[in-house]
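Welcome, and take a moment to turn the model around before reading on. This report walks through a few places in the chain, then steps back to the whole.

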Amino acid sequence: MSNQIPANATLDARGLNCPLPILRTKKTIAGMNDGEVLQVIATDPGSLKDIESFCNQTGNELLSSNQQGSDFVFHIRKH
């Protein structure tokens with residue numbers, strides 16, 4: 001795995017279907033400080049659009065979005 005981004009917290013949302021990954025992301029990031037990075041690991045293909053939309057709507061920064069095997073891995077900086 002190249003392009004490792006250090007994360008302050010990791011949310012394992014593997015095996016969860018929409019809307020659970022985005023709801024758990026919202027709850028987890030709400031408890032974080034501005035500037036901290038949340039890594040989200042999900043298996044739901046819908047999370048690709050959901051996470052991007054979440055960041056656009058909330059002003060949080062999507063640092064990376066990639067697929068590793070059957071996992072979708074996101075890094076989000078809280079703003």
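Let us begin in the loop between strand 1 (9–13) and helix 1, where Pro 19 has its place. This is a predicted model, and what follows describes that prediction. The peptide bond leading from Cys 18 to Pro 19 is cis, and its omega is near 10°. As background, most peptide bonds are trans.

**The overall plan**

How many helices and strands does the chain have? There are two helices and four strands. Following the sequence from its start, you meet them in the pattern β-α-β-α-β-β. The radius of gyration of the chain is 11 Å, close to the 12 Å that the globule rule gives for 79 residues, so the chain is as compact as a globular protein of that length. Along the principal axes, the C-alpha atoms fill a box of roughly 30 × 30 × 20 Å.

Some totals help to fill in the picture. Of the 79 residues in the chain, 35% are buried. The accessible surface comes to about 4700 Å², and carbon and sulfur atoms hold 47% of that surface. Among contacts with a separation of 6 or more, 67% are between residues 24 or more positions apart.

**Four residues to look at**

The next stops are four residues, each with its own surroundings. The table gives how much of each one is accessible.

| Residue | Relative accessible area | Class |
|---|---|---|
| Ala 7 | 36% | partly exposed |
| Pro 21 | 3% | buried |
| Ala 42 | 0% | buried |
| Leu 63 | 25% | partly exposed |

Why does Ala 42 count as buried? A residue is buried when its relative accessible area is under 20%, and Ala 42 has 0%, so it falls in that class. Leu 63, at 25%, lies between the 20% and 50% cut-offs and therefore counts as partly exposed.

Ala 7 sits in the segment before strand 1. Once its neighbours within four places in sequence are set aside, Ala 7 is in contact with Val 37, Gln 39 and His 75. One of these partners, His 75, is 68 residues away from Ala 7 in sequence, while their C-alpha atoms are 7.4 Å apart in space.

Leu 63 belongs to strand 3 (residues 61–68). Not counting residues up to four places away in sequence, Leu 63 touches Ile 5, Val 37, His 75 and Arg 77. Val 37 and His 75 are thus partners of Ala 7 and of Leu 63. For a view across the model, pick Leu 63 and Gly 15: they are 48 residues apart along the chain, and 23 Å separates their C-alpha atoms.

Ala 42 can be found in strand 2 (residues 37–42). Beyond its neighbours within four places in sequence, the contacts of Ala 42 are Ala 13, Arg 14, Ser 47, Ser 70, Asp 71 and Phe 72. Met 32 is ten residues from Ala 42 along the chain, with 19 Å between the two C-alpha atoms.

Pro 21 is part of helix 1. Leaving out neighbours within four places in sequence, Pro 21 is in contact with Leu 11, Ala 13, Leu 16 and Asp 44. Ala 13 therefore appears in the contacts of Ala 42 and of Pro 21, where contact means heavy atoms within 4.5 Å. Pro 21 and Ile 41 are 20 residues apart in sequence, and their C-alpha atoms are 8.8 Å apart.

**A cavity inside**

Rolling a probe the size of a water molecule over the atoms shows where empty space is left. How many cavities of 30 Å³ or more does the count give? The count comes to one, and the volume of the largest cavity is about 30 Å³.

Which residues line the largest cavity? They are Cys 18, Pro 21, Ile 22, Asp 44, Gly 46, Ser 47, Asp 50 and Ile 51. The elements that give two or more residues to this lining are helix 1 (20–30) and helix 2 (47–58). Helix 2 gives the most, with three residues. Sorted by class, the lining has four nonpolar, two polar and two charged residues.

Some names here will be familiar. Pro 21 and Asp 44 are in contact with each other, and the lining includes both. Cys 18, where the cis bond to Pro 19 starts, is also among the lining residues.

Key
Residues numbered from 1 in each chain as written. Predicted model: local features only at pLDDT ≥ 70, side-chain atom pairs only at ≥ 80, totals over all residues. Heavy atoms only, no water. 1 Å grid on protein atoms, 1.4 Å probe; cavity = no way out; pocket = protein on both sides within 12 Å on 5 of 7 lines; lining within 4 Å. Points joined across faces, edges and corners; volume = space filled by probe spheres on them. Nonpolar A, V, L, I, M, F, W, Y, C, P; charged D, E, K, R; others polar. Rg over C-alpha atoms; globule rule 2.2 N^0.38 Å. Buried < 20%, exposed > 50% of the residue type's maximum accessible area, 1.4 Å probe, protein only. Areas by Shrake-Rupley, 256 points an atom, 1.4 Å probe, with all protein chains shown as cover.
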